[in-house]
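Student: I should like to learn how to read the features of a structure that is new to me. Could we begin with the way in which helices are arranged?

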Amino acid sequence: MKTQFDYIIVGGGTAGAVVAARLAEKPGVRVALFEAGPSDEGDDAILTLRNWPNLLRTPLDFDYLIEPQPRGNGRIRHARGKMLGGCSSHNSCIAFWPPDEDLRIWEAAGAEGWGPDCVRPFIQQVQQKVNLEFPEPVNELGRAFFAAAQGAGYPARDFAGNIHQLGVGWFMLNKLGGVRHSSSVAYLHPLAQWNGRITFFTNCFVERVLLNGRRAIGVQTADGPVYAEREVILSCGAFDTPKLLMLSGIGPADHLREMEIEVQHHLPGVGENLLDHPEGVVNWEASKPVPPETTQLWELGLFAHTQPGLDAPDLMFHFGTEPFDMNTVPEGYPTTTNGFALTPNVARAKSQGTVRLRSANPADPPRIDFRYFTDPEGHDERVMVAGVKLARELAQQSALKEWIKQELSPGPEVQSDEAISEYVRRTANTVYHPAGTCKMGAVGDETAVVDSQLRLIGLDNLRIADASIFPTMIGVNPNLTCFVIGERCADFLSSE
Ligand SMILES: Cc1cc2nc3c(=O)[nH]c(=O)nc-3n(C[C@H](O)[C@H](O)[C@H](O)COP(=O)(O)OP(=O)(O)OC[C@H]3O[C@@H](n4cnc5c(N)ncnc54)[C@H](O)[C@@H]3O)c2cc1C
């Protein structure tokens with residue numbers, strides 16, 4: 001096995017595939033890409049976008065459990081793609097650019113050079129690689145929802161633009177016909193083209209980053225060490241990047257000692273600031289057969305304000321032409337095979353959790369505690385309750401009302417704010433958007449893990465490129481933002 005490279009990238013997922021491809025484009029650069037799962041190339045089960053729900057809870061999904069939640073649903077299972085392309089090989093391909101508002105917030109929080117003007121060229125680079133399409137707006141039930149939203153005062157929006165206003169629209173999707181345009185498809189395929197410039201170590205789980213003093217020099221796998229002459233880049237996602245750092249002795253010293261791991265570098269922010277988009281659901285049984293035409297079942301969305309005077313929407317909905325019952329059925333709510341759902345989510349949720357180790361054994365899953373609905377101002381709970389109420393309001397619009405036989409969950413008897421809150425917290429799901437656990441910030445910010453060039457603070461030759469670097473949650477689905485982070489990371493590396 002070859003054991004010496006210029007760059008090692010751990011995690012061939014969304015951002016990692018982008019970094020690998022961009023680095024290997026440069027002449028003479030040797031890249032090693034380590035991926036815990038298999039290749040996606042030629043695998044129709046992965047590549048066919050419509051099949052995404054069937055990948056949940058399979059060997060291609062890390063399928064992480066979370067800690068019991070005092071104010072939320074502790075039964076949530078967090079899907080994480082385990083194959084080349086990572087979650088971009090598993091997701092529903094809803095594609096939004098990072099909103100300007102969020103980039104301004106990031107910059108103000110210490111991510112220097114991440115404002116909208118600096119990020120735009122990297123968005124354009126992603127645009128050149130990734131195929132973006134809108135679904136044909138043919139589903140009659142989807143069209144009914146669109147009309148209902150307009151009837152309720154939400155203007156039609158083009159979601160290819162920057163989202164800063166309320167409105168309804170069909171989602172832009174990163175796909176080519178029925179095939180997902182994951183980062184693997186868009187940047188790596190065909191794998192044979194790399195001809196040794198990228199060495200793919202698939203089905204290979206990295207256990208530790210190797211340090212020599214303050215400098216990262218390689219990684220440890222079950223098959224032995226592999227070395228990087230230039231840099232090691234971690235792209236394992238918001239759960240596994242902090243896990244790998246902590247297994248390597250990089251993180252909060254107290255916790256490392258508790259796990260009997262030798263402290264190499266005390267960095268208290270590792271595994272802190274765990275963010276997500278918590279999601280509620282209102283399910284209805286349909287009064288007539290739900291039309292089957294769909295790309296991925298969740299083709300439309302709506303952005304809303306729950307109070308006046310906001311700069312940007314604080315509430316988002318996905319509209320699904322299927323019931324979304326995986327967390328309502330276990331609580332005893334009825335379901336159907338002929339139904340539909342609206343799922344309000346807290347667009348810029350404020351509750352923060354943690355990722356910690358369960359033990360010093362790399363094979364153990366991380367200990368994930370979201371602390372859903374625990375932000376001190378009660379923001380997340382308030383927005384979620386408003387979301388359920390607005391979902392019902394939309395359902396009262398004549399265009400949608402004619403499709404409704406009955407509300408299945410929470411059910412018409414659940415009316416007070418307290419009862420809605422209780423229902424929605426008990427049955428909440430995630431939009432599968434964990435982020436923030438190795439946040440980017442100014443050097444000197446005790447809680448930051450990487451600086452604004454994605455370098456790990458306090459060590460040399462180690463960077464992070466994935467959703468873990470988000471300083472705050474962004475107001476839209478985050479996948480394309482991870483592509484942009486990959487582009488930026490490669491640019492920082494190539495500019496040195
Ligand atoms: C079911 C689902 C649906 C979603 N739908 C959407 C959507 O429609 N639109 C949207 O914008 N976002 C969506 N998301 C979220 C989005 O896909 C993620 O936010 C994004 O892909 C995360 O990218 P990442 O680079 O941070 O990590 P990932 O893409 O998760 O990549 C991490 C990679 O690292 C590998 N890895 C982990 N640990 C190790 C290790 N120790 N050694 C080697 N390899 C390792 C993993 O196998 C994986 O390939 C969805 C996510 C899921 C799970």
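Tutor: Angles under 35 degrees count as roughly parallel, over 145 as roughly antiparallel, 65 to 115 as roughly perpendicular and the rest as oblique. Axes are lines fitted to C-alpha atoms, for helices over the stretch in contact, and the angles run from 0 to 180 degrees between N-to-C directions. Helices (H or I, at least four residues) and strands (E, at least two) are DSSP runs, numbered from the N terminus. The model is predicted: local features need pLDDT of at least 70, side-chain atom pairs count only at pLDDT 80 or more, and totals for chains, interfaces and linings use all residues. Residues are numbered from 1 along each chain as its sequence is written.

Student: At what angle do the axes of α9 and α11 cross?

Tutor: Two packed helices are described by the angle between their axes and the distance between the axes. Here the axes of α9 and α11 cross at roughly 100° and come within 9 Å; the two helices are therefore roughly perpendicular to each other. E381, M384, V385 and V388 of α9 meet D417, I420, S421 and V424 of α11, where contact requires C-beta atoms, placed from the backbone, within 7 Å.

Student: Which residues of helix α11 are buried?

Tutor: A residue is buried if 20 or more other C-beta atoms, placed from the backbone, lie within 10 Å of its own, exposed if 12 or fewer, and partly exposed in between. In α11 (residues 417–426), the buried residues are I420, S421, Y423, V424 and R425. They pack against α9 (379–396).

Student: At what angle do α4 and α12 pack?

Tutor: Helix α4 (residues 116–129) packs at about 105° to α12, with the axes 9 Å apart. That angle makes α4 roughly perpendicular to α12. On the α4 side the contact is made by V119, F122, I123, Q125 and V126, and on the α12 side by L480, F483, V484, E487 and R488.

Student: How should the sheet containing β5, β7 and β8 be read?

Tutor: Strands of a sheet pair through backbone hydrogen bonds, either parallel or antiparallel. Pairing requires that DSSP find at least two bridges between two strands. In this case 3 strands form an open sheet in the order β5-β7-β8, with antiparallel pairing. Because β5 (132–133) and β8 (179–180) stand at the edges with a single partner strand each, one side of each has no neighbour in the sheet. Between β5 and β7 (residues 173–176) there are 2 bridges, and E133 stands opposite L173 in β7.

Student: Which residues are closest to the ligand?

Tutor: A residue is near a molecule if its C-beta atom, placed from the backbone, lies within 6 Å of it. The ligand is surrounded by 39 residues, and the closest are G11, G13, G86, N477 and N479. Helices α1 (14–24), α7 (237–247) and α12 (479–494) each supply at least two residues of this shell, and α7 gives the largest share, 4 residues.

Student: Where do unusual backbone values occur?

Tutor: Most residues other than glycine have a negative phi, and most peptide bonds are trans. The bond from H189 to P190, however, is cis, with omega near -10°, and the bond from S409 to P410 is cis, with omega near 5°. Phi is positive, near 60°, in C93, which is buried with 26 other C-beta atoms within 10 Å. N273 also has a phi near 60°, and it lies in the loop between β14 (265–266) and β15 (278–279).

Notes:
Contact = placed C-beta atoms within 7 Å.
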